[in-house]
Amino acid sequence: MARFWRALAKLSIYGLIVVITLVILGYWLITKSLPKTSGTLTYPIFEHPVDVYRDSLGVSHIFAKNDADLFRAAGFVTAQDRLWQMDFYRRAASGRLSEIFGDVTLEQDKLLRLWGFRRVAEAISDSLSPQSRLALEAYAEGVNTFIESHKSRLPIEFALLDYTPEKWQIEDSIALTRLMAWQLSFSWYVDIVLAEVVNRVGMARAREIFPEFPKDGPFILSGKEKELWETSKAFLKSGENLLGFLGLHGVTVGSNAWVISGAKTVSGKPLLANDPHLELMAPSIWYQIHLSSKNMNVAGVALPGVPGIVIGHNEEIAWGLTNGMIDDVDFYLERVNTDSVQQYWTGKKWLGFSTHQEEIKVKGTAPTRLTIRSSQNGPVISDLHPLLKGQGPVISMRWVGHAVSDELDAYLKLLKSSNWNDFTEAIRGYKVPAQNFVFASKSGDIGYYLGGSVPIRKNTTGVHLHKGWRQTGKWVGELAFAKLPHVLNPEQGFIVTANNKIVSSRYPFYLSNLWEPPGRAAKISELLAQKDTFSVTDFQTMQLDVGSVFARDLLPDLLDIVEAKLDSSAPRLNVLYNLIRDWDGTESLTTLAPSIFHAFFVKLLENTLQDEMGEELFRFYIKARNVPFRVMTKLLRNRKSNWFDNVDTAKVESMEDIVIMSFLDAGTLLEKVAGAEISHWRWGEIHALTMKHVLGVRRPLSFLLNIGPLPRGGSTMTINNSEYRIDQPFKSVVGPSMRQVVDLSDMNESFSIITSGASGQRMSRHYKDQTPLWQNGKYHRLVLDRTTIENTATAHLVLTP
């Protein structure tokens, strides 16, 4: 027995040693890549010493003697913090995910190669402005210097996936900007879905469920064109799968931005606020940085992997962005030669499809070859369907982002702008993705300009599925910069953009039909009308507002319908009615009413539309969240629409029938989501946010890399935006990816916050140190003054030749 206990003791000791060794090894693997942020590092790429100060949240403030050293240092420090994130997204932009993930991402790579972000980047790299080339090459030098000097100390993701990063190329940065442009474009999705809605129910009924349906279309599909849905569905599904893999859970994304003149502020100078609504991931899509040289002194947020700053402020101006929601994609049915399927009809002659060969390397198996065909209209998207390739209709696609343009040049000019003229001249060359640029200057000006390429179609709008051989629907140019919507110092003293409709119907040019519902813009305008003057604190408070104008305006009529049906025979209806009847539309964390309202709305959409559309088309339709929200409001106001009748029943249902059914179904849905105990239905509990890392889809990495769950208030209709997927209610997936408030009276009183932290490395204290600040409506000062930065810095690194 004594021998047994001695053996057991030895075994326990050995086991303990193994566990300790594994813990130490694991900790070393995770922490070995944490960057050096103080002291001196010597690299030959630098012409002069560069100072990098880190503030209390790890944000880098870079001071260089020239722009080349500035962007070299920016590339280096961004790689210090976000190298794997940069590498993952450049692989995505180039369609090279399968090299590290294997054949599970082959479908995504095929779609990415079809969109051709990398091919466009290569074309753009041949026509860059001198300042763009300098910034891109210097940035790549900085990234590559970090990679070369840290090959044995790479972030944990490289070890988990067993690969090392390649050298960074300028085309990687350019391709990343095109990937972002694709993320912010969604007409590629809506056009196809709408065409099938017309095919299913006819034009007259389709008009009811498409906001501001164009008078001239789309055409009613007939004959062989009915196969278009089956042909293009693979394209939609591939896009949907790609969005999911990249952590991009929605088709539509929005933002808020507003600016007021000094006449309405406490300081007497303009105030500007901005919060872009994007998918919330770990780490944040944004990287805060301050860049200072003799030519610029600017701070804000950048895209990791791209030099410059997207949203921010310098010593003279501040700017913000919201998605322009422009219709920038069209689809074309090609007439194929029955005697030679590799030819299509141009309207004048048969012409051969141009072809491009792609080789996709796949980890663990042989490479896959892909042939991409293109007509004069663009790449053929129907070839993604393997069963219909060469058989069904051939559909091509034209996208603004396939044209050569130099957005980095526009942003670099923006960083150095000091007034409205500089600002507008900077965005003149900006093309994709179209953005609403909001502006304020220290001199007191406020302004707005739609920046981006808006296609001019011949004799039509962009909603049609065009016939590729006809002139109708061809792009015959783009809207002149001077004719794009813009305003300087408007009479009302403020400008609001929340992805709402930009101009009235009197505007003579087609921009889009896919605006966000007006609720957020209305709420911002409503709050701006409540006071004579505003402060930074007021703007910060506004960014946290969770009052829904949409719910507040819709609820009274709905409650009238429910109240008329209340009786002792419907106890569940009575309970739900009593829980929501006094609600004012504020979607706070601890209340039950928002949960009931959103569950009702989800079921209302399903009960109204799915019977006619069918389950699959309905699921695609509700992905474009702004469309069903606007449509249902219109149907409820109409009250007599035939969409309310369930075609699967003998009874002819009325709007009132569907409303009552949906209220009762809401209770059933909430029980399914949160259980029968009503106290568990609080909005913050069922509407929680988990910011997921790309590798955090399974345990134990989900525990290690993901951030959350975090209770969230608000919804897609509130200023403090918090969207969920209608087909997967109610977990929050989209929200303010950053918040910015700038006081033009003192550029050191500029505030910014992102969702996670400066670092993308899990064991860094800056991996998620901004999350509680973001969650609780706190901000971080983003200072430009060097003396202040030096006196408060927590780290100081010198990069020296």
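Here a biologist and a modeller talk through a predicted model, asking what lies behind each label.

Biologist: Let's start with a single residue. Why is Thr-497 called buried?

Modeller: Its relative accessible area is 5%. Buried means under 20%, so Thr-497 earns the word. You will find Thr-497 in strand 24, which covers residues 494–497.

Biologist: And what makes the link between Thr-497 and Thr-322 a polar contact?

Modeller: The two side chains come to 2.8 Å, and the cut-off for such a pair of N or O atoms is within 3.5 Å. Thr-497 also touches other residues beyond its sequence neighbours, including Ser-255, Asn-436 and Val-438.

Biologist: Now the sheet of 11 strands. Why are strand 1 and strand 23 said to stand at the edges?

Modeller: The order of this open sheet is 1-32-2-3-6-7-8-9-18-19-23, with mixed pairing. Strand 1 (39–42) and strand 23 (486–488) each have a single partner strand, so one side of each has no neighbour in the sheet. On average, neighbouring strands here are turned by 20° against each other, direction ignored.

Biologist: How do you know that strand 1 and strand 32 are paired?

Modeller: Pairing asks for at least two bridges, and strand 1 and strand 32 have 4, in the parallel sense. Thr-42 stands opposite Thr-800 of strand 32. Strand 32 is also joined to strand 2 by 5 bridges, and those two run antiparallel. There, Arg-54 stands opposite Ala-795 of strand 32.

Biologist: What makes strand 32 mostly covered?

Modeller: Of its 6 residues, 5 are buried.

Biologist: Which strands does helix 12 touch?

Modeller: Before that, one pair of them: strand 7 (residues 297–302) and strand 8 (residues 311–314) are antiparallel partners over 4 bridges. Helix 12 (residues 407–415) packs on the sheet and touches strand 7, strand 8, strand 9 (317–323) and strand 18 (435–441). Its direction makes about 145° with that of strand 9.

Biologist: On to charges. Why do Glu-99 and Arg-91 count as a salt bridge?

Modeller: Their side chains meet at 3.1 Å, N to O, and the cut-off is within 4 Å. So this pair passes.

Biologist: Are those two partners buried or partly exposed, and how do you know?

Modeller: One of each! Arg-91 has a relative accessible area of 6%, so it is buried. Glu-99 has 21%, so it is partly exposed, given that buried means under 20%.

Biologist: What does the salt bridge of Asp-172 with Arg-118 tie together?

Modeller: In that salt bridge, the closest N and O atoms are 2.5 Å apart. Asp-172 lies in helix 8 (residues 170–183) and Arg-118 in helix 5 (residues 117–125), so the bridge ties together parts that are 54 residues apart in sequence. Asp-172 and Arg-118 are both buried.

Biologist: And why are Arg-572 and Glu-671 called partly exposed?

Modeller: Arg-572 has a relative accessible area of 29% and Glu-671 has 31%. Partly exposed runs between the 20% and 50% cut-offs, so both fit. The side chains of Arg-572 and Glu-671 form a salt bridge at 2.6 Å, N to O. Arg-572 sits in helix 17 and Glu-671 in helix 21, so the pair ties together parts 99 residues apart in sequence.

Biologist: What makes a group of residues such as Arg-91, Glu-99, Arg-118 and Asp-172 one network?

Modeller: Salt bridges that share partners join them, along with others, among them Asp-87 and Glu-166. The whole structure has 43 salt bridges.

Methods
Residues are numbered from 1 along each chain as its sequence is written. This is a predicted model: local features need pLDDT of at least 70, side-chain atom pairs count only at pLDDT 80 or more; totals for chains, interfaces and linings use all residues. Side-chain values use heavy atoms; hydrogens and water are left out. Buried means under 20% relative accessible area, exposed over 50%, partly exposed in between (1.4 Å probe, protein chains only). A polar contact is a pair of N or O atoms within 3.5 Å; within protein, one must be able to donate a hydrogen and the other to accept it, and residues adjacent in sequence count only if both atoms are side-chain atoms. Contact means heavy atoms within 4.5 Å. Axes are lines fitted to C-alpha atoms, for helices over the stretch in contact, and angles run from 0 to 180 degrees between N-to-C directions. Lists of a residue's contacts leave out its neighbours within four places in sequence.
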